[in-house]
Amino acid sequence: MSIKTMFIAAIGLFAVLLANPAKAQVKLSETQKIEALIHSVQQLKGAQFYRNGSYYDAAKAAEHLRMKWGKAGSRVKTAQDFIEVVGSKSYLSGEEYHIKLSDGRKVATKAFFTQKLKEITASKG
């Protein structure tokens with residue numbers, strides 16, 4: 001194949017990708033989606049994560065979620081499983097988790113993660 005032919009093929013491929021960028025996106029694995037959910041809490045500035053009667057900063061919340069995810073094992077196969085099994089409530093007490101945002105609003109983590117998952121899948125698949 002000549003350089004000219006390869007160049008024309010590359011331009012054609014580039015044109016297809018420009019015309020349909022959704023096809024060019026890489027679909028995220030369930031593990032990547034879960035990591036993105038945890039990161040969405042970890043990066044919250046001034047927020048506090050409530051679990052079992054105490055508030056924790058974003059870094060501690062992310063650490064706890066990763067630990068709990070690891071212990072959940074095969075019960076978490078998808079990002080939705082993560083929300084239901086790990087991210088929504090205490091396994092021990094059954095008490096629901098919530099996040100107190102920097103503006104003082106409280107949001108249930110189930111609602112927070114569900115919204116974040118919609119955003120993640122809309123942008124990355």
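Good morning. By relative accessible area, a residue under 20% is called buried, one over 50% exposed, and anything in between partly exposed. Glutamate 84, at 36% relative accessibility, therefore counts as partly exposed. I begin there because that definition will serve us for several residues in this model, which is a predicted one.

Allow me to set out the overall architecture. The protein has 125 residues, of which 29% count as buried. It contains six helices and four strands. Reading from the N terminus, the order of elements is α-α-α-β-β-α-α-β-β-α. Among contacts with a separation of 6 or more, 59% are between residues 24 or more positions apart.

I turn now to the charged side chains. Side chains of opposite charge can pair when their charged atoms come close. How many salt bridges does the count come to? The count comes to five, and I shall describe three of them.

In one of the five, glutamate 35 pairs with arginine 66, with the closest N and O atoms 2.9 Å apart. Glutamate 35 belongs to helix α3, residues 30-42, and arginine 66 to helix α4, so this pair ties together parts that are 31 residues apart in sequence. Glutamate 35 is partly exposed, at 31% relative accessibility, and arginine 66 is partly exposed with a relative accessible area of 31%.

Glutamate 84, with which I opened, forms a salt bridge with lysine 110, and here the closest N and O atoms are 3.4 Å apart. This pair links distant parts of the chain, since glutamate 84 sits in helix α5 and lysine 110 in helix α6, residues 109-124, with their positions 26 residues apart. Lysine 110 is partly exposed too, with a relative accessible area of 39%.

A further salt bridge joins the side chains of aspartate 103 and arginine 105, at 2.7 Å from N to O. Arginine 105 has 52% relative accessibility, so it counts as exposed.

Let us consider next a lysine without such a partner. Lysine 68 lies in helix α4, residues 58-72. It is buried yet has no salt bridge. Where is the nearest side chain of opposite charge? That side chain is glutamate 84, 11 Å away. A salt bridge requires the nitrogen and the carboxyl oxygen to be within 4 Å. The side chain of lysine 68 does, however, reach the backbone oxygen of valine 86, at 3.0 Å. Beyond its neighbours up to four places away in sequence, lysine 68 touches Val85, Val86, Lys89, Ser90, Tyr91 and Tyr97.

Lysine 68 also brings us to the largest pocket, which has a volume of about 230 Å³. Of the 14 residues lining this pocket, those closest to its centre are His64, Met67, Lys68, Tyr91 and Leu92. The elements giving two or more residues to the lining are α4 and α5, residues 79-87. Helix α4 gives the most, with five residues.

Finally, I come to the interior space. There is one cavity of 30 Å³ or more. Its lining consists of Val41, Leu44, Ala47, Gln48, Phe49, Ala58 and Ile99. Glutamine 48, from that lining, is found in strand β1, residues 48-51. Is glutamine 48 buried, exposed or partly exposed? Its relative accessible area is 34%, so it is partly exposed. Glutamine 48 and lysine 100 are 52 residues apart in sequence, yet 5.1 Å apart in space from C-alpha to C-alpha. Leaving aside neighbours within four places, the contacts of glutamine 48 are Tyr55, Tyr56, His98, Ile99 and Lys100.

Thank you for your attention.

Technical notes: Residues numbered from 1 in each chain as written. Predicted model: local features only at pLDDT ≥ 70, side-chain atom pairs only at ≥ 80, totals over all residues. Heavy atoms only, no water. Buried < 20%, exposed > 50% of the residue type's maximum accessible area, 1.4 Å probe, protein only. Lys, Arg positive; Asp, Glu negative; His and termini not counted. Polar contact = N/O pair within 3.5 Å; in protein donor to acceptor, adjacent residues only side chain to side chain. Contact = heavy atoms within 4.5 Å. 1 Å grid on protein atoms, 1.4 Å probe; cavity = no way out; pocket = protein on both sides within 12 Å on 5 of 7 lines; lining within 4 Å. Points joined across faces, edges and corners; volume = space filled by probe spheres on them.
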